[in-house]
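Grab a pencil and work through these short exercises on strand pairing. Try each task before you read its solution.

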Amino acid sequence: MTSLGYLSARAGALRILVAALVLAAALVAAGSAWRAHAAGDELQHSREQLRSRAGTIVADVFSVDSSRWQQDRARARELVARQFLDSYGAQLTRPPEPGTISVVWRPEIVSVVDADAVEGQALMRVAVTVRSGVRAGSEPDAATVRRSVLARFVRADDSWLLAAADVIG
C-alpha cells in the first residue's frame, strides 16, 4: 500500500467518525428540544386546568347551606389538601354561624399567578353572599361582599386540591 492510500483510508475513517459525532450531537439536541417542548405543553395544560378549577374549588370549600351543612362540609374536605386540614380543618366540621341560612361564594375572576406540575397559586375575585334569618315569617336578609383571595393549590394525581387560602382584600 502506498502512503497515499494509507492517508486516504485514515482520512475516510476520520470523516466517518466526525459524521457520527455530528449525528449523535444532533440527536441529543433534538431529544432535548422535544423534552423541553413536551414539558412546556404539560406546564400549559397544568396552568389551564388550575385556572378552570380554582374558582370552583374555593367556592365549593367555603359555600355552606345550614340545611345540609354536613354534606357541604364533607364535600369540602374532599377538595382540600392535608396542609389545609392541618390549619383550617376545624372550620370544616362545624355548621354555619347561628342565624346564617347560607354562605355562597361565586368566583368572578380567576387568574393563575404561578403553577407547575405539582403546585400553583391563583388570585381570584369572589362574590360572597350571606343569607341570614331574622324572625320566623319574615324574608331572610342577604348581603353580598366582594373579596380578593390568594389561594395555593397542590396536585394530587390528576386533581388540584386547596392547600391554603388568604383573603387579601
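Two strands count as paired if DSSP finds at least two bridges between them. Strands (E, at least two residues) are DSSP runs, numbered from the N terminus. You're looking at a predicted model, where local features need pLDDT of at least 70, side-chain atom pairs count only at pLDDT 80 or more, and totals for chains, interfaces and linings use all residues. Residues are numbered from 1 along each chain as its sequence is written, and side-chain values use heavy atoms, with hydrogens and water left out.

**Exercise 1.** Work out how E3 pairs with E4, and over how many bridges.

Step 1: find E3 at residues 119-132 and E4 at residues 141-156.
Step 2: the two strands run antiparallel, with 14 bridges.
Step 3: check some partners: Leu-123 bridges to Leu-150 in E4, and Val-128 to Val-145.

**Exercise 2.** Find what joins E2 to E3.

Step 1: E2 covers residues 100-115, and 13 bridges tie it to E3 in the antiparallel sense.
Step 2: one of the pairs is Ile-109 with Arg-125 in E3.
Step 3: E2 and E3 make a hairpin, with 3 residues between them.

**Exercise 3.** Describe the pairing of E4 with E5, then look at the turn.

Step 1: E5 spans residues 159-167 and pairs antiparallel with E4 over 8 bridges.
Step 2: Val-154 sits opposite Leu-161 in E5.
Step 3: this hairpin has 2 residues between its strands, and Asp-157 in the turn has a positive phi of about 60°.

Technical notes:
Helices (H or I, at least four residues) and strands (E, at least two) are DSSP runs, numbered from the N terminus.
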